[in-house]
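User: Could you take a close look at the sheet in this predicted model? I'd like to hear how it is put together, what packs on it, and where the disulfides come in.

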Amino acid sequence: MVVAWKAQNVSAAVAPAFEAAVVRLINTTADYAATDSVRRFGTGEEAFDETTFPKIYSLAQCTPDMAATACRSCLEDIVGRMVSGNLIGRMGGRVLGVRCNLWFEVYPFFSGRSLLQLPGPSPSPAPPVTAAGGMLDILFFSFSFIYHLPDIFLCAKCVFFDNL
């Protein structure tokens, strides 16, 4: 198996929500790929945050000769590696196996429309703060500027180059 990930982490402010969105997206994409009896392939996108990462993208694939249960099991193993390994909290990552692979990024890295479009996480309302018996409205702003150069994947010898 080949494991590659982005050097950049998401900010601590959005990390829990981003990680939950990634896990939801890669699991849903893996389910879709496993149930595609012809190609064992799926792509997905999930709305996330208008200012930080508007969308998260994913791709899951098994060899077409695999049964649905074998494909899902293979992808489930990869999801487990992503969640327990170095990929959660990263802006992108991929695990390439012999019979299956899974990939997520914060930019579209495949051609064509995503086969799955997931809505973004519902915003969590901030708890009201009281002072001197009254209610105060609190408004938080977070501004983040992201500069991203696309990844280049060369597989002559399966070497990954990030941000060239």
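Analyst: Let's start with the strand order. The sheet is open and has six strands in the order 1-4-5-3-2-6, with mixed pairing. Strand 1 (2-5) and strand 6 (116-118) sit at the edges; each has a single partner strand, so one side of each goes without a neighbour in the sheet. From one strand to the next, the twist averages 10°.

Now for the edge at strand 1. Its pairing with strand 4 (residues 93-96) is antiparallel and runs over four bridges. To pick out one residue there, Val2 has Leu96 in strand 4 as its bridge partner.

Next, the helices. Helix 1 (residues 15-35) packs on the sheet, where it touches strand 2 (41-47), strand 3 (55-62), strand 5 (100-105) and strand 6. Relative to the direction of strand 3, helix 1 makes an angle of about 35°. Helix 2 (residues 68-84) lies across strand 3, strand 4 and strand 5, and runs at about 45° to strand 5. Strand 3 and strand 5 therefore turn up in the description of helix 1 and again in that of helix 2.

That brings us to the sulfurs. There are two disulfides in the structure, and counting bonded cysteines along the chain, they follow the pattern 1-2, 3-4. One of them joins Cys62 to Cys71, with an S to S distance of 2.1 Å. Cys62 falls within strand 3 (55-62), while Cys71 falls within helix 2 (residues 68-84). The link of Cys62 and Cys71 is right-handed, with 85° about the S-S bond, and both Cys62 and Cys71 are buried.

The other disulfide joins Cys74 to Cys100, at 1.9 Å from S to S. Here the link is left-handed, with -85° about the S-S bond. This pair connects distant parts of the chain: Cys74 belongs to helix 2 and Cys100 to strand 5, 26 residues apart. How buried are these two? Cys74 has a relative accessible area of 19%, which counts as buried because the cut-off is under 20%. Cys100 is buried as well, with a relative accessible area of 1%.

Put together, helix 2 lies across strand 3, strand 4 and strand 5, and the Cys74 to Cys100 disulfide ties helix 2 to strand 5.

Technical notes:
Residues numbered from 1 in each chain as written. Predicted model: local features only at pLDDT ≥ 70, side-chain atom pairs only at ≥ 80, totals over all residues. Heavy atoms only, no water. Pairing = 2+ DSSP bridges. Helix = DSSP H or I, 4+ residues; strand = E, 2+ residues; numbered from the N terminus. Axes fitted to C-alpha atoms, helices over the stretch in contact; angles between N-to-C directions. Contact = heavy atoms within 4.5 Å. Disulfide = S-S within 2.5 Å. Buried < 20%, exposed > 50% of the residue type's maximum accessible area, 1.4 Å probe, protein only.
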